[in-house]
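Biologist: I am new to this model and would like a close look at a single part of it, the packing of its interior. Please take me through it slowly.

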Amino acid sequence: MAQTLVKNYLHIVFSTKRREPFIHPSIEKELHFYMIGICTELECYPMKIGGYNDHVHILCNLSKRISLATFMEKLKGNSSKWIKTKGDVFQSFYWQGGYGAFSVAESDLPRLIEYLNNQHEHHRKKTFKEEYISFLEKYGVGYDEQYLWD
């Protein structure tokens, strides 16, 4: 086959280090737009970025030109450097060491986009920790909870 044809929808989730509430409402939209730019530059076209004060969700189409590990290294590294330029309050900002990445069926995209649109409402009832563990269980990902949080 002469062509390489790929369509990999991913739901990526990661938090701030120790789930610190660093993503203030004053910076949240700007952070998401900055991350959209990084994703687009890496040809991992985002469909939706959402989250709350301590974490981010990204729904994107992973490019055939980059590995997931390299994509995450560039996305987290560049966005972390950027947010530290936004004021003294962000100087100790870091993302957690790991991330969750889950494949998504095209038929599930509208429901997931709606879910990501309602993150603030959702987190009035459920913590990020509860949410993340429910994703791991939903997708059948084995884990040791002592290593989930850094």
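How many residues does the largest nonpolar core have, and which of them have the most contacts inside it?

Modeller: This is a predicted model, in which local features need pLDDT of at least 70 and side-chain atom pairs count only at pLDDT 80 or more, while totals for chains, interfaces and linings use all residues. Residues are numbered from 1 along each chain as its sequence is written, and side-chain values use heavy atoms, with hydrogens and water left out.

The largest nonpolar core (buried Ala, Val, Leu, Ile, Met, Phe, Trp, Tyr and Cys residues joined through side-chain atoms within 4.5 Å; buried means under 20% relative accessible area, exposed over 50%, partly exposed in between, with a 1.4 Å probe and protein chains only) has 26 residues, and those with the most contacts inside it are Phe14, Met35, Ile58, Phe71 and Leu75. Two or more residues each come from strand S1 (8–15), helix H1 (25–41), strand S3 (55–62) and helix H2 (68–83), where helices (H or I, at least four residues) and strands (E, at least two) are DSSP runs numbered from the N terminus. Apart from this core lies another, of nine residues, among them Val13, Phe102, Tyr132 and Leu136.

Met35 shows how the parts meet: leaving aside its neighbours within four places in sequence, Met35 is in contact (heavy atoms within 4.5 Å) with Phe14, Ile49, Val56, Ile58, Leu75, Ser79 and Trp95. Two of these partners, Ile49 and Ile58, stand opposite each other, with Ile58 in S3.

S2 (residues 46–52) and S3 run antiparallel, joined by six bridges, and a hairpin links S2 to S3 through two residues. They belong to an open sheet of four strands in the order S2-S3-S1-S4, with antiparallel pairing, where two strands pair if DSSP finds at least two bridges between them. S2 and strand S4 (100–103) each have a single partner strand at the edges, so one side of each is left without a neighbour in the sheet. H1 lies across S1, S2 and S3, and runs at about 145° to S2 (axes are lines fitted to C-alpha atoms, for helices over the stretch in contact, and angles run from 0 to 180 degrees between N-to-C directions).

Cysteines call for a last look. Cys39 counts as buried because its relative accessibility is 0%, and Cys60 is likewise buried at 0%. The closest cysteine sulfur to that of Cys39 is in Cys60, 5.5 Å away and therefore too far for a bond. A search of the whole structure finds zero disulfides (pairs of cysteine sulfur atoms within 2.5 Å).
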